[in-house]
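Colleague: I'd like a close look at one part of this model: the aromatic rings and whatever sits around them. Take your time and go through it in one piece.

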Amino acid sequence: MCPHSLSLHTLEHHDAFIERHIGPSIEEQQAMLETTGFKTLEDMIQRTVPASIRCDIPAELDTPRTEAETLERLKAIMSQNIVKRSMIGMGFTDAITPNVILRNVLENPGWYTAYTPYQPEISQGRLEGLLTFQQMIMDLTGLELANASLLDEATAAAEAMTLCKRMAKAKNANVFIVDQHLHPQNISVILTRAEPLGIQVVIGDVAELMAKHDDYFGVVVQYPNTLGEINDYQALIEKAHEQKALFCAAADIMALVLLKSPGDLGADVVFGSSQRFGVPMGYGGPSAAYFATRDAFKRSVPGRIIGVSVDSRGKPALRMAMQTREQHIRREKAMSNICTAQALLANMAAFYAVYHGPVGLKIIASRIHRLTNILAAGLKAKGVQVLNNSYFDTLTLELGFARDTAYERASELGINLRKIGDTQLGITCDERTTREEIHTLWKAILGETHHLDMDALDYDIVENGSTALPESLLRENEILTHPVFNTHHSETEMLRYLKKLENKDISLAHSMIALGSCTMKLNATAEMIPVTWPELANMHPFAPDRASQRLSADDR
């Protein structure tokens with residue numbers, strides 16, 4: 001090839017992406033054609049694809065963009081999103097991804113191109129990470145068994161309902177009771193899943209509904225609930241069991257660091273999102289759910305369960321001990337027909353717990369709660385009605401006609417809050433919350449001259465205590481006692497631990513993977529880069545419309 005004889009259009013090489021990322025070389029294509037008896041690709045298509053479904057009109061496509069041009073265009077589109085501090089809550093919170101995990105897991109093709117661990121002999125690293133995830137969930141939920149993640153919390157809510165239907169001893173019951181203060185998206189997916197199954201879903205005050213109905217097979221609550229309240233469900237759990245029904249709790253994973261586990265209260269199923277353990281919000285995109293239950297229900301658990309076995313040499317080895325998705329077993333025996341795992345993000349959440357350990361997690365959870373406590377104390381001191389009797393990180397304020405003004409002020413100051421009803425305002429603190437942001441919230445709600453002293457409020461809480469976390473619901477047992485959670489706390493130790501696991505696996509960084517295709521292994525690096533851009537990673541799924549601009553027809 002003589003570059004001097006090529007046109008500028010050719011030299012611009014707009015189709016380089018195709019050459020680099022799609023399929024075999026020209027020589028390899030020709031070899032395959034000769035082997036299969038075709039002269040050209042067009043000849044192969046003409047002879048294998050029926051004429052009735054072929055389209056002979058060329059597709060009208062724009063001129064291809066280079067990778068650099070595509071990323072510039074994507075950046076311009078995503079920059080239309082107005083990234084503010086999100087304190088909306090509803091199961092999605094800002095989280096800090098430790099840099100050692102961000103760079104060496106989320107942005108590392110050794111982790112994100114590996115295929116689903118169906119072949120344990122080339123998946124021991126990821127399987128060990130998922131086993132660690134399961135142990136973390138078992139410790140925090142107080143239950144005997146946890147799976148290796150589900151799609152998201154709302155999906156897990158629907159799976160909890162169907163497990164209750166299968167396993168409850170109240171065989172003729174067809175009512176599923178849903179607490180009115182579940183996160184709205186959880187309620188929506190439950191309703192959607194229940195409709196084709198013919199399950200009657202009733203929503204309202206759980207105690208009232210349990211007294212009203214005697215034909216229910218399951219109950220689900222949020223712990224703490226979507227308004228931030230922390231309720232003791234032990235008596236209701238006992239009542240449900242008397243009715244031969246099962247009791248489920250959607251639990252905040254960070255709150256469980258400080259609160260008594262739902263399993264200790266008697267719950268049969270505990271599920272939730274692990275997103276706030278170091279996983280970006282991603283505009284509500286993937287965030288591994290967890291799902292825990294009793295050992296007696298293991299045959300009915302959706303998703304995958306990683307187990308410990310021995311290899312041919314008698315050494316410990318991990319494998320997917322149970323898989324209940326219909327691609328693995330007969331459809332009528334399947335627990336689920338969806339892609340039921342978020343292995344990469346489940347591993348990130350597990351590594352977050354490994355890196356911080358039980359002490360570090362308690363510090364993070366306690367800091368979140370302390371800042372929420374200080375925020376509430378300041379508001380109460382100025383006469384603001386805080387509706388919560390108890391809370392971990394979420395407050396619901398009754399502001400009357402002043403609600404919209406406070407909401408707009410907060411937005412102007414760079415913070416998105418949650419509108420509840422016509423007069424209430426929701427605020428959720430998180431790992432990123434700072435004392436400066438608490439001052440900003442006071443300023444938005446109380447005005448410039450609030451004269452609140454954060455250190456004085458903090459001192460009062462330390463000296464006199466707080467009842468925001470009910471004493472009867474404080475965690476008393478230790479969590480994360482396994483050595484893996486108590487070893488890798490320096491960046492160097494964590495880096496070596498992650499690399500050790502990565503080296504046990506085969507990913508696209510090592511070789512082609514013959515099995516399967518529905519995985520991130522086929523994504524080009526340029527396609528992965530936007531995943532961690534703030535315009536996407538730090539966007540809350542319920543950010544107001546004006547913050548998340550709608551795409552034009554050209555952008556779509």
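Modeller: Let's start with a charge over a ring: the charged end of Lys419 sits over Tyr407, 4.6 Å from the centre of that ring. Keep in mind that this is a predicted model, so everything here is computed. There's another arrangement of this kind at Trp533, where Lys75 lies over the ring face at 4.5 Å from the centre.

Now for rings meeting rings. In general, you describe such a pair by how far apart the centres are and by the angle of the planes. The model has seven aromatic pairs. Take Phe92 and Phe542, one of them: their centres are 6.3 Å apart and the planes stand at 80°. Angles over 60 degrees count as edge-to-face, so that's what this pair is. It also links distant parts of the chain, 450 residues apart. Phe92 sits in the loop between strand E1 (85–86) and helix H6 (99–106), while Phe542 belongs to the segment after helix H20 (534–537). As for exposure, Phe92 has 13% relative accessibility, which makes it buried. Phe542, at 38%, is partly exposed.

Next up are Phe351 and Tyr497, also edge-to-face, with 6.0 Å from centre to centre and 90° between the planes. Here both partners come from helices: Phe351 is in helix H14 (residues 343–381) and Tyr497 in helix H18 (residues 491–502). The pair therefore ties together parts 146 residues apart in sequence. Phe351 has a relative accessible area of 0%, so it counts as buried, and Tyr497 is buried as well, at 5%. These rings have further company, too: ring pairs join Trp111, Phe351 and Tyr497 into a cluster.

For some context away from the rings, have a look at the sheet. It's open and mixed, with seven strands in the order E2-E8-E7-E6-E5-E3-E4. At its edges, strand E2 (145–146) and strand E4 (200–204) each pair on one side only. Strand E6 (residues 246–251) runs parallel to strand E7 (residues 269–273), and three bridges connect them; Cys248 has Val269 in E7 as its bridge partner. Helix H9 (residues 153–167) packs on this sheet, touching several strands, among them E6 and E7, and its direction makes about 165° with that of E7. Helix H10 (residues 184–197) lies across E3, E4, E5 and E6, at about 160° to E4.

Definitions and conventions. Residues numbered from 1 in each chain as written. Predicted model: local features only at pLDDT ≥ 70, side-chain atom pairs only at ≥ 80, totals over all residues. Heavy atoms only, no water. Pairing = 2+ DSSP bridges. Helix = DSSP H or I, 4+ residues; strand = E, 2+ residues; numbered from the N terminus. Contact = heavy atoms within 4.5 Å. Axes fitted to C-alpha atoms, helices over the stretch in contact; angles between N-to-C directions. Phe/Tyr/Trp six-rings, centres within 6.5 Å; stacked < 30°, edge-to-face > 60°. Buried < 20%, exposed > 50% of the residue type's maximum accessible area, 1.4 Å probe, protein only. Lys NZ or Arg CZ within 6 Å of the ring centre and 35° of its normal.
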